Amino acid sequence: PGWSARTPMAIVPGLSCEHAHAPDVMRGEETQIFGVMQIAGVRDGCFVLPGTHSKWAWVHDGRIQRFTTLMTGEVFAALSQHTILARTVDPHAALDAEAFLQGVDLAHTGQGLLHHAFGARTLALFQRMSAGALASYLSGLCIGEELRTMLTPSQKLVMLIGSPALTQRYALALRHRGVQSHVFGAESTWAGLHALSKMLPAPHP
């Protein structure tokens, strides 16, 4: 009802960019970023979208200039469910902030996720951390590695977009690293779609 062959429609196709080693893509996150720009009234900044494939995007003058994808969520899932760590880690446990920040701090030393992840095995072997705490510790290692590689000394604020469970962890890790964050959820998608709809041409009579 209310639609006709003359109703204007548009497809938001996503974005791609080129890194020195390989191309990168996003499909849908650009709408959320555009939505936050409308909600917050900003045209510049760093936008972080945690998830299976986390996105970091830098916006200048209302345009996404570049972005980077990191497989943080997928790596955590693989490590906690499909490696030897699955024997000792409870990936569905509630957040243990102390263990999580311990992982964030360890990642910041730059000694490598591949080495530190095995610690989630040995900490259990020596009964120094519970299965629930180990999940938070491993999550902190993964997210901490993401922050270590993406944050710059000049970065003091990021726009976080995502589910409450994930943005809570990122906001905690960012605050621990001295970076403020403004958090947005599902409203960013609706705001982005609404703003884009207003850019469509008026329907023909």
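In this briefing, Ala, Val, Leu, Ile, Met, Phe, Trp, Tyr, Cys and Pro count as nonpolar, Asp, Glu, Lys and Arg as charged, and the others, Gly among them, as polar. The structure is a predicted model. Its largest pocket has a volume of about 550 Å³, and the second largest holds about 390 Å³ of space. The briefing covers these two pockets and then the residue Ser54.

**The largest pocket**

- The largest pocket, about 550 Å³ in volume, is lined by 21 residues, of which Val12, Glu30, Thr31, Phe34 and Leu196 are the closest to its centre.
- Its lining comprises 16 nonpolar, three polar and two charged residues.
- At least two lining residues come from each of helix 1 (29–40), strand 5 (63–70) and helix 7 (187–197).
- Helix 1 provides the largest share of this lining, with five residues.

**The second largest pocket**

- The second largest pocket encloses about 390 Å³, and of its 22 lining residues, Gly73, Phe76, Ser139, Leu166 and Arg169 are the closest to its centre.
- Helix 2 (72–82), helix 5 (131–150) and helix 6 (164–176) each give two or more residues to the lining of this pocket.
- By class, its lining has 11 nonpolar, nine polar and two charged residues.

**Ser54**

- Ser54 belongs to strand 4, which spans residues 54–60.
- Ser54 counts as buried because its relative accessibility is 0%, and buried means under 20%.
- The side chain of Ser54 lies 3.3 Å from the backbone nitrogen of Gly51.
- Beyond residues up to four places away in sequence, Ser54 touches Leu49, Thr68, Thr69, Leu70, Thr72, Glu146 and Tyr170.

How values were computed
Residues numbered from 1 in each chain as written. Predicted model: local features only at pLDDT ≥ 70, side-chain atom pairs only at ≥ 80, totals over all residues. Heavy atoms only, no water. 1 Å grid on protein atoms, 1.4 Å probe; cavity = no way out; pocket = protein on both sides within 12 Å on 5 of 7 lines; lining within 4 Å. Points joined across faces, edges and corners; volume = space filled by probe spheres on them. Helix = DSSP H or I, 4+ residues; strand = E, 2+ residues; numbered from the N terminus. Buried < 20%, exposed > 50% of the residue type's maximum accessible area, 1.4 Å probe, protein only. Polar contact = N/O pair within 3.5 Å; in protein donor to acceptor, adjacent residues only side chain to side chain. Contact = heavy atoms within 4.5 Å.
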